[in-house]
Amino acid sequence: MKKLLAVLGTLSIGATATISVVACAPIEPKNVIVEIENNVAKPTSDIFKAWVAAAASFNEILALGGKTNVKVEVVEAPQGDIKKKMYSNEALPNIFVSYADDVTFYETQLGSERVVDMRKILNWDSKWIDELQQKAGLNSNTPNNKEAVNDSSSLAIKQYEQLKDYRDNATQGNSATYGKGINEVYANLGITAETQGAQTLFSEQYRPLTYSFISEGMGRDGKMYVAPTGKSLNYGMANKRLIAEIVYKATDGELNLTDPQQYESLNNTESPDGLWVTNDLVTGEALIPKLGVVFGDNSKQNLAETSLKDAVVPDIKDQSTGQSINIYSGKKIKDLFMEWFAPATSTKAADGRVQGITSGQSIQNIMADADKTLVILTAYQMFGANLGWNFFNNEKNPGSNSSLANPHGQMFSYSIDDATGYFYGSDRNANGSILELQSKEPDDKKTLTSWSAENPDESLDLYINDVTGKDSVSNGLMFFEYMNAVAKYNGKDEHYGGLKNKGYGSDYLQKGTMLAYSGSSAGAKYAVKNREYDLIENYNGENKYKIRDLADNYQIVADDVMPIASPAFYREADGTEVKDQTRRQFGLQQGPGVAMFKSANETKQDISIAFLNYFTSSQNLSEFSRKAGYISSAYYSYYEKAINETDQPKLLTPGTATISYEKDKVQGDSDGQYYQNFEVATLSQGKNGAYVAKTPISADKYVKQIVDRIIQAETKEPEASESLEAEANLTALEKEIRADQGILYSQNPSPYGNGVRFNIVRDFVNTWYNTQVFAEQEERTKTNSLTWDAFMVWGTSPKYNKFKTTARAVNPRTKIIYESEVKKNKGVQK
């Protein structure tokens, strides 16, 4: 609370006494406070517990250095706590876990010096920054003339320019460190290379695995508002067994993706691709996915019951354009499956393109194509309809010839756990560019990263233009529109056999009845079951294990899933199909970072700096990320540091970490880096007698597939070509897609900014999805439906192409309340 001091002063002898009210500085807590608002992580979460564990180990180092009167303390706070403290003049935390766009808002109120530029306090890998300089084509004798350098170096120039002044933070001070180099900060705290547990502070400097891990937290001018810790990815997970089953049934048993003879290259067990065929961590055997049985067994009788016969792709129109959503509308579903999933052969199309399925990546590309994915989901829906199933039956009922014949209970074909993240990813994959926001001035383009204290009165007053309004989410909206027509809305924000877009889809994926879901990679551990084994003994007395079948033979484990990108509608300029099979596999990088308010107490500032460098070391980020379900952002969590200056770092070897378990809980820290924790499993016996394989990194196989793609993109290793025979036969767009390597992208902040966080886009999306339903249900009127209001504002009229984003906060300098037009129409006073 604001502390008030009443001062009685006498102007002169005999004069009337007056009272002056003066605001005093807030009372600072003794400890260095790390604040985590509960919308970021609750105290019971693995993330919060991992921060507490890191603080405890660092406090031991402080104590060894002689600092026993001050420690690092991790505290929980309600959402919006920092804003409340800021406005009421309470003491702010030293360190806090947050998102970059929130931190830029704090800067508009507190000034740029109080909000620390995180570039100033990290001990950067100087050799890496030198490498950036070389990639940029710059050296000490080269003028910093961007026009003189070719376009391919422009990104490297930007990256180098953002970090060059902080190359020598170890020895050179700045305003955030009170003029001290970071090594001197350690010395002031009594921490040396000999201090137990502190070796990592002196043996390693920070380098991100990929530059986007740090650029996500930067503003346009390069200021880093948040530093990365562990990261997650808004990505997809597909059920390989169900994909194979749908293909098998849609082709009346003619194509079986799990047949090694029919698909020799796909099911290569001698050299598994790691996507479709994987190696079991315990037995070592190569595992080809089993053919799913969600829609019944695969007998001839069942094939006849589920047969699509001459079924065609329905012609569903985009309500805003009147055009068919799916380019395959009217075509026979079986014919399309026979074409897309044909086994790889030496036969080539007339233009020289290779045809057929060659690897798991071929299937990834199909699942990244929205037109094809919707056809697959249509087949899913038709199978259930042919069997007379009610997909929304919460109770299992194995009866036949009944609307309650669904043996699995409630079913959904696809789940989109984070609609806005999905739309963002879908747009990026389809259009290949990162979205921008636009201010009121049409020629003044700027992203939300232009927020700064220099222009506080207008820093939040941005508009989403016609490019980033309806058009930018059109990929996602069309996906929703199509599914709404195929699987009608049921009035409960969920759909029969269709999309699930409320809550998490991981439970349904684990049941084995859902084809795929789109959501955070941090939640992957909830989407798969643990593999179980039976113990056998061989003649040599050594224990060996055999994979035990799951209780329900349609359920899935980590080996049964593969990562997929947000599906996007790929179109040439004339609206025709992009014929090349390759599709972008980008995922939206996400997850909060760590930020800092500069402390007026120099010792507490020193401790904050030392702790964050300790926390962001590769070993500690490996441990934090493993426990929290994140991907470590530190380069040396994946690479062995080169001993000699001339050597290049080497990729670490998976499966070399050692970790102990007792009663299914981690008892000790891993002795390996993050990448070494892959392909490690410890067996523990459960109550049913089976042995369960527990992995240090949850959903081990799935996460490793994602991480390997990031590493592959960073090292620019060429990907296996599926359809490239003659470059001359590729269109300009197809060449661009092939050249657009990588798996991560990010922008600070999301191009929808607070429009995403405060549900403006969400309301639009849900309304658009259910537009037809609202038209049919008259009881859903303007007065009782926020989403109806959203539709009335956002509808198809061109005048609604621009809409105000919401910040849902008051700017104290201008007293302006930033609200969405949706809220405004609800009667909110401006």
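## Helix packing, a four-stranded sheet and an aromatic pair

In this predicted model, Ile333, Leu336, Phe337 and Trp340 of helix α11 are in contact with Lys372, Val375, Ile376, Thr378, Ala379 and Met382 of helix α13. Sorted by class, the residues in this contact of α11 with α13 are eight nonpolar, one polar and one charged.

Two packed helices are described by the angle between their axes and the distance between the axes. Helix α11, which covers residues 333-340, packs against helix α13, residues 370-386, at an angle of about 130 degrees, and their axes lie 11 Å apart. Because of that angle, α11 counts as oblique to α13. The crossing in which α11 passes α13 is left-handed.

The next region is a sheet. Strands of a sheet pair through backbone hydrogen bonds, either parallel or antiparallel. Here four strands form an open sheet in the order β14-β13-β24-β23, and their pairing is antiparallel. The edge strands, each of which pairs on one side only, are β14 (543-547) and β23. From one strand to the next, the twist averages 45 degrees.

Within this sheet, strand β23 and strand β24 pair in the antiparallel sense over four bridges, and one of the residues involved is Thr682, whose bridge partner in β24 is Lys694. The two strands β23 and β24 form a hairpin with five residues between them, and in the turn Gly689 has a positive phi of about 90 degrees.

The helices and strands whose residue ranges matter most for this account are listed below.

| Element | Residues |
|---|---|
| Helix α11 | residues 333-340 |
| Helix α13 | residues 370-386 |
| Strand β23 | residues 682-685 |
| Strand β24 | residues 691-694 |
| Helix α1 | residues 46-64 |
| Helix α17 | residues 602-615 |

Aromatic rings provide a further kind of contact, with 31 aromatic pairs in the structure. Among them is the pair of Phe58 and Phe611, which is edge-to-face, with 5.4 Å from centre to centre and 65 degrees between the planes. Phe58 lies in helix α1 and Phe611 in helix α17, so this pair ties together parts that are 553 residues apart in sequence.

Conventions. Residues are numbered from 1 along each chain as its sequence is written. This is a predicted model: local features need pLDDT of at least 70, side-chain atom pairs count only at pLDDT 80 or more; totals for chains, interfaces and linings use all residues. Side-chain values use heavy atoms; hydrogens and water are left out. Axes are lines fitted to C-alpha atoms, for helices over the stretch in contact, and angles run from 0 to 180 degrees between N-to-C directions. Angles under 35 degrees count as roughly parallel, over 145 as roughly antiparallel, 65 to 115 as roughly perpendicular and the rest as oblique. A crossing is left-handed if the near helix is turned anticlockwise from the far one by less than a right angle, and right-handed if clockwise. Contact means heavy atoms within 4.5 Å. Ala, Val, Leu, Ile, Met, Phe, Trp, Tyr, Cys and Pro count as nonpolar, Asp, Glu, Lys and Arg as charged, and the others, Gly among them, as polar. Two strands pair if DSSP finds at least two bridges between them. Rings of Phe, Tyr and Trp (its six-membered ring) pair if their centres lie within 6.5 Å; planes under 30 degrees apart count as stacked, over 60 as edge-to-face and the rest as tilted.
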